[in-house]
Amino acid sequence: MRPLARSIFALSLTCFVLAVIGTTGCGKSSGPSAPGPSPLTRTWRMGFSGIPPVPDQTVAVNAIFQWATRADAAIAHEGVPWDSLLAGVPPDTLARRYLDLMRYYRLVAHHQIVFEVDPTDGLSRADEDPKLVAAGRSIAEPTVRALFVRWVTAVDTIVHPEYLGLGSEVNLVRAAGPSVYASLAPMARQAADSLHALHARRPDLPAPKLYATIQVETAWGRLGPPGWQGVATELADFPFAEAWGLSSYPYLGGFAEPEDKIGRAHV
């Protein structure tokens, strides 16, 4: 699958399942007007990403207009702007670039914002972000981890997402690149601790629910080491998570049809 198409699939599914396991206040389905049983409570929210099917601004805008009326949430799955941060660009300046689109999602389309910060290589989970690699830097460095903390703080305080992700497909990172995982997990915890301290000092700021995502086929042993792998290690290493997103590529797990996977996404 092309990288762009893969990203679209991963983002929409992550947002969808994140709401299933992380949201307690769910929307309600329309109930009967006459007296009768209580209306059912909807236990899921559906969201989409602003990434277009082709790299064309007109197509992107039209796509957003089409799904915005059908979605409950909007997701931004973004790599860390490592090159700009290393060059000294203030994180607040970079975070403000998202404001216009996020304001549209929230004020016009009435969507919750799910902002997933992906600090490693989204297309090769064994590796660090290509921008860091090109600069000869690593998330193993305390100064680089500090930049990550500053970045997620800027996203938190400027974008104000309802959900803020601090790691993507972390179990696949652990399976494919254990040395990367060894730096990713403590960096995410450091960021979470910093955000918790910030909101303790500033109760006036809306606090996002922090989360990370796991890769479903990896947990089931269908992508990576065979056999049931579970997510016990990830639950222990990311204790701050108030929700967990599920990222799934069924075709990589050997599922030819969607119905083949029914019941297998439970982790």
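Eight salt bridges are counted in this predicted model, a salt bridge being a side-chain nitrogen of Lys or Arg within 4 Å of a carboxyl oxygen of Asp or Glu. Side chains of opposite charge can pair when their charged atoms come close. Three of the pairs are set out here.

| Salt bridge | Closest N and O atoms |
|---|---|
| R106 and E162 | 3.1 Å |
| E141 and R137 | 2.9 Å |
| R202 and D204 | 2.6 Å |

The pair of R106 and E162 links distant parts of the chain, with R106 in helix α5 and E162 in the loop between α7 and β4, 56 residues apart. Accessibility is described here in three classes, where buried means under 20% relative accessible area, exposed over 50% and partly exposed in between, with a 1.4 Å probe and protein chains only. R106 is partly exposed because its relative accessible area is 24%, and E162, at 27%, is partly exposed as well. In the second pair, E141 has a relative accessible area of 23% and is therefore partly exposed, while R137 counts as partly exposed at 29%. In the third pair, R202 is partly exposed at 36%, whereas D204, at 53%, counts as exposed. Besides these pairs, D118, R125 and E169 are linked in a network of salt bridges.

As for the basis of these values, residues are numbered from 1 along each chain as its sequence is written, and side-chain values use heavy atoms, with hydrogens and water left out. Since the model is predicted, local features need pLDDT of at least 70 and side-chain atom pairs count only at pLDDT 80 or more, although totals for chains, interfaces and linings use all residues.

The protein chain holds eleven helices and six strands, which are DSSP runs numbered from the N terminus (helices H or I, at least four residues; strands E, at least two). Of its 267 residues, 46% are buried.

The aromatic residues give eleven pairs, where rings of Phe, Tyr and Trp (its six-membered ring) pair if their centres lie within 6.5 Å, and planes under 30 degrees apart count as stacked, over 60 as edge-to-face and the rest as tilted. One of them is the tilted pair of F48 and W67, at 5.6 Å centre to centre and with 35° between the planes. This pair links distant parts of the chain, F48 being in strand β1 (residues 47-49) and W67 in helix α2 (residues 57-68), 19 residues apart. F48 is partly exposed at 25% relative accessibility, but W67, at 10%, is buried. W67 also forms a tilted pair with Y105, at 5.4 Å centre to centre and 35° between the planes. Because W67 lies in helix α2 and Y105 in helix α5 (residues 99-108), this pair ties together parts that are 38 residues apart in sequence. F48, F65, W67, Y104 and Y105 form one aromatic cluster.

Helix α9 (residues 178-201) has 24 residues, which at 1.5 Å a residue should span 34 Å, and this agrees with the 35 Å between its end C-alpha atoms; the expected span is 1.5 Å times one less than the number of residues. Its buried residues include V180, Y181, L184 and H199, and what covers the buried residues of α9 includes α7 (142-159), α8 (170-176) and β5 (209-215).

Strand β5 contains Q215, which is buried at 0% relative accessibility. Contact meaning heavy atoms within 4.5 Å, Q215 touches residues including E169, L223 and S247, not counting those up to four places away in sequence.
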